Amino acid sequence: MKPIQLFDPTSSSYTYVLHDPSTREALIIDPVDQQLARDLALLQEQGLKLLWTVETHMHADHITSAGQLAEHTGAQTAAPQGCGIATAARQLEDGDVLQVGGEKITVLHTPGHTAGSVSYLWRNHLFTGDTLLIGGCGRTDFQSGNAAALYQSITQRLLTLPDDTLVWPGHDYQGRTHSTVGAEKAGNPRIAGRTQADFVRTMAQLDLPRPARMDEALPANQNSGIGAGRRDAGGSLQVQPADGYAGDVSPQLACRWWQDGQAVLIDVRTDAEREWVGFVPGAVALAWKQWPGMAMNLRFDADLQAAVPPGNKAVMLCRSGVRSVAAARRATELGLEAYNILEGFEGDPDAEAHRGARGGWRFLGLPWRQK
Ligand code: FE
């Protein structure tokens, strides 16, 4: 059984999906924000239920879609403990095992590219992130990189696995998909026949350019990619242009339209979220997906068309403005004038992964009730 290997051409990054064929439960490694739609479509086509999104390290060259995947699928986020990704629900340590149906994925702490970097081992498949690349390795010149530590991780941890272990890297810039431990031990020019001192010298002389998206990627990835590239509504009463639906609006503008009778307020959160987190009296409760499992609500289209009279706008509210984008796009396909409410009911998580203190309908004091 092989992992599903996916490629992001902009960053030359690989993403991997592993699953248990009997339970259809799945785990994704290093998902990329710009490939969110592709990855959601893949999960749906293959009938996979995503349990975990995991990172090999905090990426400097692309933004993770972990937080968005969690919103869409109900998956939990996990990240290496030493990477400073505080929003990840599970902080992974060396030797931890993630279970996906009957499959086990083991965490190997392999510092060097960054201090927190890990690799994942599933059966005879090794996912090395940027620790070990095909015929190369990740850089060590920023983000707590350490060439001596990387040499130790590669030679003492990864290349001590059986020779036929398949190596699935985090990147390849030449179209190669995978390698083996045996091939890398024999032929990786950074490692084969080289001492640690040689390796450290080589790494110090690389003089690589900064990754193009680094200043944007690092702060975004500290937050599981949530909030990346998303506009803060800032209380604006102007519609902001959007792709695939009528526009993005602040909670304040949506509330004004709704109270004037210009718009129907559609709450696309699950029944459980409304019950536990609070709801807006008078909003139409119409889940985009339902917990548990975040299965599509098959009545969504029909119930939406019944709820919005001709000539009315539909304004879509979810937890933080992720699922409501998908719902607004669908409403647009159904012929409605549909808007996404930025920030959602609870807003984005803060540095402690708490929601509710960074904007959103409830924080802004718009009408809501607990019970
Ligand atoms: Fe990296």
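Which residues does Tyr120 touch, not counting residues up to four places away in sequence? Here are some friendly notes on this predicted model, starting with that question.

1. **Tyr120 and its neighbours.** Leaving aside residues up to four places away in sequence, Tyr120 touches Ile29, Val54, Ile105, Thr106, Val107 and Phe127. Tyr120 is also among the residues with the most contacts inside the largest nonpolar core, so it makes a handy place to start looking.

2. **The nonpolar cores.** The largest core has 50 residues, and Ala26, Leu27, Leu50, Trp52, Val100, Tyr120 and Ile154 have the most contacts inside it. Helix H3 gives the most to this core, with five residues. A second core, separate from that one, has 38 residues, including Ala233, Cys255, Leu265 and Phe279.

3. **The six-stranded sheet.** Six strands form an open sheet in the order S7-S8-S9-S10-S11-S12, and their pairing is mixed. At the edges stand S7 (97-100) and S12 (179-180); each has a single partner strand, so one side of each is left without a neighbour in the sheet. As a reminder, strands of a sheet pair through backbone hydrogen bonds, either parallel or antiparallel.

4. **Both kinds of pairing around S11.** Strand S11 (residues 166-169) is a nice one to follow by eye. With S10 (residues 125-129), S11 pairs in the parallel sense over four bridges; one of the bridge pairs sets Gly129 against Pro169 in S11. With S12, S11 runs antiparallel, and two bridges join them. There Val167 stands opposite Ser179, while Leu166 has Thr180 as its bridge partner.

5. **The crossover through H3.** Strand S10, helix H3 (residues 147-158) and strand S11 make a β-α-β unit, and this unit is right-handed. The helix in this unit, H3, is also the element that gives the most residues to the largest nonpolar core, namely five.

6. **Two domains.** The protein chain is divided into domain 1, covering 4-221, and domain 2, covering 230-371. Their centres, taken over C-alpha atoms, are separated by 34 Å. Eight residues from domain 1 and 11 residues from domain 2 take part in the contact.

7. **The domain 1 side of that contact.** Helix H2 (residues 66-73) supplies four residues, the largest share of the side of domain 1 that touches domain 2. By class, this side has one nonpolar, five polar and two charged residues.

Notes. Residues are numbered from 1 along each chain as its sequence is written. This is a predicted model: local features need pLDDT of at least 70, side-chain atom pairs count only at pLDDT 80 or more; totals for chains, interfaces and linings use all residues. Two strands pair if DSSP finds at least two bridges between them. A crossover is right-handed if, with the strands pointing away from the viewer, the path from the first strand over the helix to the second runs clockwise. Domain bounds come from an automatic or database domain assignment. Two residues are in contact if their C-beta atoms, placed from the backbone, lie within 7 Å. Ala, Val, Leu, Ile, Met, Phe, Trp, Tyr, Cys and Pro count as nonpolar, Asp, Glu, Lys and Arg as charged, and the others, Gly among them, as polar. A nonpolar core is a set of buried Ala, Val, Leu, Ile, Met, Phe, Trp, Tyr and Cys residues joined through C-beta atoms within 7 Å. A residue is buried if 20 or more other C-beta atoms lie within 10 Å of its own, exposed if 12 or fewer, and partly exposed in between; C-beta atoms are placed from the backbone.
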